[in-house]
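Visitor: I'd like a close look at one part of this protein, the place where two helices are stitched together by disulfides. Could you walk me through that part slowly, and then show me how it compares with a few other spots?

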Amino acid sequence: MGPGIVILFSLFGVLNGQGGKQISIDECCKDGRVRGIDNQDCTAIPLISESTTCRIVQEQCCAAVLEDNICTSGINMAKDQGACDTQFTGSTCETKTAKMCCDCCLLGRAAREHGLTCDHSLSLGYQCGLVSRACCDDGAPDVETSNSLVSDKDNETLTEKENPLPNNMCSSGLAKCAQECVGNSTCACFKGYKLKPDGKNCEDINECLLGASNCRGGEHCINTVGSFRCQREVSCGTGYELTDSNNCKDIDECESGTHNCSPDFECHNTQGSFRCLPKNQCGDGYIQDAMGSCIDINECLAQTEPCRPGQLCMNTMGSFTCQRNSINCGRGYHLNDGGNRCVDIDECKGPDGACAGHGCINLVGSFRCECQAGFIFNSISRVCEDINECRHYPGRLCAHKCENVLGSYKCSCTQGFKLASDGRNCDDLNECESSPCSQECANVYGSYQCYCRRGYQLSDIDGINCEDIDECALPTGGHICSYRCNNTPGSFYCTCPATGYTLAPNGRSCQDVDECVTGTHTCSVTESCFNVQGGFRCLSFECPPNYRQAGEIRARVERSDTIRCVKSCQPNDIGCVLDPVHSVSHTVISLPTFREFTKPEEIVFLRTMSPAHSSPQLSSDIVFDILEGNVQNSFDIVKRQEHGMIVGVVRQVKPLIGSLNMVLKLAMNYVTSGVVSHRNIVNVHIFVSEFWF
């Protein structure tokens, strides 16, 4: 443990202790070793610093002391009894350590008895190897160590500068001894060291393990490099400190300034403690308390008969006086002018008398008062006291509240009532006459209630003022108006987008303006006007080459209208004839931005003339497909049967946020025997409004 601790000291230096005090690693280790000597639990010892490093050093130094003590007991058992198995039983850590040291010591002694070298090549643990070599070397002829080289055992470290090689035949350096050369290239070690098997280097001898220390009873051996030291196992106790000579010395708290005497006291050192004595001394007739204050002594109580018979003792500050006894008259009497007898006192004499304005009747040795109405005579205090009528007659004098006054009482009413003309009962007060409410007031018995007109609500703070209800901010405010809600004092109004809509007669909904019907569109004569929600579109449909439009151009296109282009091939145009596309159609649809999209919306129906159940011999079918324009896969097409015919239904399966324009290109494939016989193309022009209405 010694070298490891020295390295730890050099690494960490000084730590911060509790209260900001600088604590070194040496102090942490010293505290841990003291607690180890006291056999304390090393894992639960009080910490002297908040530093984690100091805690580790405390625990490890404490554990090292306990481990050394346990190991030493095992070595002593091996030396004294020569056996270990019957002495150490159990599975505790302490028992295992003691038995290990005992067994390893027996191993070293066996090697010495059989004439084997102490530095054997067995793969033992580090501690077991040290114990084995120490017990093997103990008692063997010490030919490797020269005891005459160092006379003082207390030297803890020796360096090459402190112990230079002597000037002999080895000084040429051929021997290369670590400590000392004794001639003929033979190396030797200083006292406290022994020669290693290589014959040149030296290692420390653990005198504590070998039992070679000279520590006295009550002292604990601690091994050091090249030596050892003895430390007391029991601390000196409070008021003492351990000196370098391992003795206990009294701490002079007065000189060191560690006493707690106040400025008015003087510190006097004692063995193991100190005393605080007051600086100021009290004179005769006073005694000093623990705080140094001078307190008068009552000699009349502290002494037995300080005055002569017939005299009365009177205490004074710092002394006392003796006075002659006098006649004491009872209550209601006083001494006469001669001072020799007691006569009656007429308490009723004087401007006010003893009854303070009430009637007074003098009695021998006393008096009696004739009290006015509302008062009663107290025979103990002998005064007229007010009668508390409210307490004597509860609930019988006043309808609401009774308040006692001197010699009488008065009634009062609770809030919302006023005192009646009889001075006892209470009538309801009509608070609405003073207009306490901001709008409407209703009087109730003992109170009033404020209420508000439509569009207002009563304030939760005072219950008097009316506050405007913001209908637009209510949880249902988003559904009051189709587009925008505008709050006004006591009401609200709805508005619609600036163009394309008009407010409905109900004042809340927004109705689309059909610009194609009203003629407010800007489409040319060659374009078709199509009304969309909130606006219009000017559409122009042209047929592709080899196709001609069926029907005339319409100035206004409805949702159900279809502009159809049919194939019209030129003579001898084989490519046109073989093209399976027979027709290209255009249809237009306007969609809102769905506010709550919960299920697919069916928007287009592709009706065919093919029956749902065709002849099995024909093996024909119709296949619907979306070729282009399916943004984010927002649409699909399903096939169903209606009235015995095949119908393709285009559905919106995902919500779309407007405004948005797109063209959905659909195909109706007529399949016969697995081959597309012909195809019809339908272009659905979809306009999605930015509004939900």
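Guide: Here is a walk through that helix pair, followed by some other spots in the chain. Keep in mind that this is a predicted model.

Let's get our bearings. The protein chain has 693 residues, and 32% of them are buried. Along the chain you'll count 11 helices and 46 strands. If you take contacts between residues at least 6 apart in sequence, 39% of them join residues at least 24 apart. And then there are the disulfides: the structure holds 33 of them.

Now to the part you asked about, helix 2 and helix 3. Helix 2 covers residues 25-37, and helix 3 covers residues 52-81. Two packed helices are described by the angle between their axes and the distance between the axes. Here the angle is about 40 degrees and the axes are 7 Å apart. Angles under 35 degrees would count as roughly parallel and 65 to 115 as roughly perpendicular; helix 2 and helix 3 are therefore oblique to each other. Their crossing is right-handed.

Who sits at that contact? On the helix 2 side you'll find Ile25, Cys28, Cys29, Asp31, Gly32, Arg33, Arg35, Gly36 and Ile37. Facing them from helix 3 are Thr53, Cys54, Val57, Gln58, Cys61, Cys62, Val65 and Leu66. Sorted by class, the residues of this contact come to 10 nonpolar, 4 polar and 3 charged.

Several of those names are cysteines, and this is where the stitching comes in. A disulfide is a covalent bond between the sulfur atoms of two cysteines. Start with cysteine 28, which is joined to cysteine 54 with an S to S distance of 2.0 Å. The link of cysteine 28 and cysteine 54 is left-handed, with -105 degrees about the S-S bond. Because cysteine 28 lies in helix 2 and cysteine 54 in helix 3, the pair ties together parts that are 26 residues apart in sequence. Buried or exposed, for cysteine 28? It is buried, at a relative accessible area of 0%. Cysteine 54 is buried as well, with a relative accessible area of 0%.

Right beside it in the sequence is cysteine 29, and its partner is cysteine 61, with an S to S distance of 2.1 Å. The link of cysteine 29 and cysteine 61 is left-handed too, with -105 degrees about the S-S bond. Cysteine 29 belongs to helix 2 and cysteine 61 to helix 3, so this pair ties together parts that are 32 residues apart in sequence. Both cysteine 29 and cysteine 61 are buried. So much for the stitches.

For another helix pair, look at helix 4 (residues 93-113) and helix 5 (residues 126-137). Their axes come within 7 Å and cross at roughly 45 degrees, and helix 4 and helix 5 are therefore oblique to each other. This crossing is right-handed. Helix 4 brings residues including Met100, Cys101, Cys104, Cys105 and Leu107 to the contact, while helix 5 brings Gln127, Cys128, Val131, Ser132, Cys135 and Cys136. The classes in this contact of helix 4 with helix 5 are 10 nonpolar, 3 polar and 2 charged.

For another disulfide, go on to cysteine 348 and cysteine 360, which are joined with an S to S distance of 1.9 Å. This link is left-handed, with -75 degrees about the S-S bond. Cysteine 348 is in the loop between strand 18 (342-344) and strand 19 (359-363), and cysteine 360 is in strand 19, so the pair ties together parts that are 12 residues apart in sequence. As for burial, cysteine 348 is partly exposed, with a relative accessible area of 22%, and cysteine 360 is partly exposed at 26%.

One last stop, at a lysine. Lysine 418 is in strand 25, residues 417-419. Its relative accessibility is 45%, so lysine 418 counts as partly exposed. Leaving out residues up to four places away in sequence, lysine 418 touches Cys413, Asn425, Cys426, Asp427, Asp428 and Leu429. Take aspartate 428 from that list: it is 10 residues from lysine 418 along the chain, and the two C-alpha atoms are separated by 6.4 Å.

Notes. Residues numbered from 1 in each chain as written. Predicted model: local features only at pLDDT ≥ 70, side-chain atom pairs only at ≥ 80, totals over all residues. Heavy atoms only, no water. Disulfide = S-S within 2.5 Å. Helix = DSSP H or I, 4+ residues; strand = E, 2+ residues; numbered from the N terminus. Buried < 20%, exposed > 50% of the residue type's maximum accessible area, 1.4 Å probe, protein only. Axes fitted to C-alpha atoms, helices over the stretch in contact; angles between N-to-C directions. Parallel < 35°, antiparallel > 145°, perpendicular 65-115°, else oblique. Left-handed = near helix turned anticlockwise from the far one by under 90°. Contact = heavy atoms within 4.5 Å. Nonpolar A, V, L, I, M, F, W, Y, C, P; charged D, E, K, R; others polar.
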